[in-house]
Amino acid sequence: MSEAGGTELYGISARLVREACDSIEYEIECNTQNGTMKFFHLFPGIDYAITAFSAFSCMPRRRSFPDVIEFAFCKSGRFECEYEGSFFTYVGEGDFAICPLHAQLAASSFPLRCYEGFAIIVDLKYVGTVLEYVIEDLTIDFQFLLHKFCPYNRCAVIKPVSALQHVCYELYDCSKKQNRGYMRLKVLELFFLLMQWMPKENTATTVYFAGVYIKKIKAIKAYITEHLDERLSLNELAQKYNISLTMMKNCFKAVYGKPINRFQREYKMQKAGQLLKNTNYSILEIAGRMGFENSSKFSSAFKEIIGCSPREYRQNCK
């Protein structure tokens with residue numbers, strides 16, 4: 001494996017789980033459960049890794065990596081990137097990201113406590129800035145890709161067009177078959193598409209938020225998940241945390257992938273489902289704990305999110 005696929009790159013406490021002739025798997029120490037990364041060495045300086053995390057964050061890297069580029073696809077969950085000057089951006093479900101790793105500062109964070117996807121790690125010290133002669137008439141210029149997608153030396157997050165998205169899902173699925181030859185072909189196809197594709201405004205999703213707003217948004221999320229019976233309006237929440245309503249809406253959706261009202265409603269119904277399953281509280285009591293004035297409105301909201309009435313849900317759990 002190249003240096004790009006070692007414990008140096010993914011935290012101070014990556015533990016080797018198993019090693020085979022064509023792959024190596026690490027367990028990454030996180031703040032809650034551990035994450036896993038399984039690497040396949042494809043070309044000199046180029047590794048492919050399938051990633052899975054069930055945590056809010058994992059341990060930081062020992063040092064900066066000025067010559068490493070990560071091409072990442074998020075299958076599910078959400079990933080937070082922090083950059084110099086305390087600016088943040090987010091990679092969500094279906095997003096594709098191109099990240100010069102030396103620009104990232106902090107430990108990896110996962111706002112939804114989960115992340116699944118793949119990463120292609122390119123170490124320019126080994127592969128150089130150009131990959132050529134693997135297939136005749138196919139040349140991949142990594143310096144060109146960085147200039148095109150990351151002109152400000154920060155992570156570029158894009159919504160891939162159909163052809164690129166198709167290759168991303170094929171790459172994610174091919175890790176289950178562990179066919180290294182097929183992986184190599186798909187990685188080359190992905191790089192080829194990136195070389196040919198000219199980003200358009202409607203495909204770019206990279207938006208950066210100042211750390212001061214991210215801190216407030218995380219405090220707001222903590223508040224609404226800890227005070228389920230309160231019924232603060234969005235305006236009242238924005239005033240409480242001294243943030244504009246527009247910024248609160250935009251920033252919350254960027255961090256957690258959903259509008260704040262939808263996030264709050266779904267979270268309440270998930271918690272209500274736990275109470276219906278694990279306690280003997282009446283439906284009226286649970287409605288009150290979720291901030292509803294009567295069981296009728298609560299039942300309508302529960303059915304909209306969960307797909308059945310609270311009574312049916314409780315009966316099905318028995």
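**Exercises on salt bridges and a helix pair**

D95 forms a salt bridge with K159, and their closest N and O atoms are 2.8 Å apart. This is a predicted model, so let's work through it with that in mind.

**Exercise 1.** Find where D95 and K159 sit along the chain, and decide how accessible each one is.

*Solution.* Start with location: D95 is in the loop between strand 6 (87-92) and strand 7 (96-100). K159 is in the loop between strand 11 (156-158) and helix 3 (162-177). The pair is 64 residues apart and links distant parts of the chain. Next, accessibility: D95 has 4% relative accessibility and therefore counts as buried, the cut-off being under 20%. K159, at 37%, counts as partly exposed.

**Exercise 2.** Work out how K186 and E189 are placed in their helix, and which network they belong to.

*Solution.* Both residues lie in helix 4 (residues 180-196), three residues apart, about one turn of the helix. Their side chains meet in a salt bridge of 2.9 Å, N to O. K186 is buried at 11% relative accessibility, while E189 is partly exposed at 32%. For comparison, take R231, which is exposed with a relative accessible area of 55%. Finally, salt bridges that share partners join E170, K186 and E189 into one network.

**Exercise 3.** Describe how helix 8 packs on helix 11, and the setting of R314.

*Solution.* Helix 8 (residues 260-278) and helix 11 pack at about 50 degrees, with axes 9 Å apart. That angle is why helix 8 is oblique to helix 11. R314 of helix 11 is among the contact residues. R314 is buried yet has no salt bridge; E285, the nearest side chain of opposite charge, is 7.4 Å away.

Methods: Residues numbered from 1 in each chain as written. Predicted model: local features only at pLDDT ≥ 70, side-chain atom pairs only at ≥ 80, totals over all residues. Heavy atoms only, no water. Buried < 20%, exposed > 50% of the residue type's maximum accessible area, 1.4 Å probe, protein only. Lys, Arg positive; Asp, Glu negative; His and termini not counted. Salt bridge = Lys/Arg side-chain N within 4 Å of Asp/Glu carboxyl O. Axes fitted to C-alpha atoms, helices over the stretch in contact; angles between N-to-C directions. Helix = DSSP H or I, 4+ residues; strand = E, 2+ residues; numbered from the N terminus. Parallel < 35°, antiparallel > 145°, perpendicular 65-115°, else oblique. Contact = heavy atoms within 4.5 Å.
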